[in-house]
Amino acid sequence: MKGITDVAAGATRVKSARGGKLLSAPRTKNTSYLDLFSLQIERSRLNQEAVNLNKRRGQIEGKLAIIQKRLEEIREAMLLSARKITDEESKEAQASDEKPAASKPPSKNWRAMPMEY
């Protein structure tokens, strides 16, 4: 039998007395009531697990919807800011076309500085 640390796929795959269908006593021919009881218990456990999974699925879908809404809000804000920037740049370009600026070109003399750390 593998231990928890030996299992790579997770603890749910470890065979136990319950998971491996092992019983403490050998089966006899008249175990139909025991089998019926154990199958009903297993069925109710699986039904409860299905209910829990459906609840979890609903929670996940709700969180995904919130995230999607937030992503759309951020994208809209980014588009608006990009439009404002392009509008400002076009206004500046029009203003610079109207008044040519007499600016001096940058000097090409670079000063070297030692970089010692």
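These legends describe close-up views of a predicted model of one protein chain.

**View 1. The whole chain, with one helix and zero strands.**
The helix, H1, covers residues 32-98. Of the 117 residues in the protein chain, 2% are buried. The accessible surface of the chain comes to about 12,100 Å², and carbon and sulfur atoms account for 58% of that area. A search of the whole structure finds three salt bridges, shown in Views 3 and 4.

**View 2. A nonpolar patch on the surface, formed by Leu34, Phe37 and Ile41.**
Together, Leu34, Phe37 and Ile41 have about 300 Å² of accessible area. Ile41 is placed in helix H1. The relative accessibility of Ile41 is 44%, so Ile41 counts as partly exposed.

**View 3. A network of salt bridges linking Glu42, Arg45 and Glu49.**
Arg45 takes part in two of the pairings shown here, described in turn. The side chains of Glu42 and Arg45 form a salt bridge with an N to O distance of 2.7 Å. A polar contact of 2.7 Å also joins these two side chains, Glu42 and Arg45. Glu42 and Arg45 are separated by about one helical turn because they are three residues apart in helix H1. Arg45 meets Glu49 in a salt bridge as well, at 3.3 Å from N to O. Glu49 and Arg45 are four residues apart in helix H1, and therefore about one helical turn separates them. Glu42 has a relative accessibility of 23% and so counts as partly exposed. Arg45, at 31% relative accessibility, counts as partly exposed. Glu49 counts as partly exposed at 39% relative accessibility.

**View 4. A salt bridge between the side chains of Arg70 and Glu73.**
The N to O distance in this salt bridge between Arg70 and Glu73 is 3.5 Å. Both residues lie in helix H1, where Arg70 and Glu73 are three residues apart, about one turn of the helix. The relative accessible area of Glu73 is 38%, so Glu73 is partly exposed.

**View 5. A patch of negative charge on the surface, where Asp87, Glu88, Glu89 and Glu92 gather.**
One of the four residues named in the title, Glu88, has its place in helix H1. Glu88 counts as partly exposed because its relative accessibility is 47%, and partly exposed residues lie between the cut-offs of 20% and 50% relative accessible area.

Methods. Residues are numbered from 1 along each chain as its sequence is written. This is a predicted model: local features need pLDDT of at least 70, side-chain atom pairs count only at pLDDT 80 or more; totals for chains, interfaces and linings use all residues. Side-chain values use heavy atoms; hydrogens and water are left out. Patches are made of residues with over 30% relative accessible area and no salt bridge: like charges are joined within 9 Å, nonpolar side chains (Val, Leu, Ile, Met, Phe, Trp, Tyr) within 5 Å. Accessible areas come from the Shrake-Rupley method with a 1.4 Å probe; for residues, only the protein chains shown count as cover. Lys and Arg count as positive and Asp and Glu as negative; His and the chain ends are not counted. The place of a charge is taken as NZ of Lys, CZ of Arg, CG of Asp or CD of Glu. Helices (H or I, at least four residues) and strands (E, at least two) are DSSP runs, numbered from the N terminus. Buried means under 20% relative accessible area, exposed over 50%, partly exposed in between (1.4 Å probe, protein chains only). A polar contact is a pair of N or O atoms within 3.5 Å; within protein, one must be able to donate a hydrogen and the other to accept it, and residues adjacent in sequence count only if both atoms are side-chain atoms.
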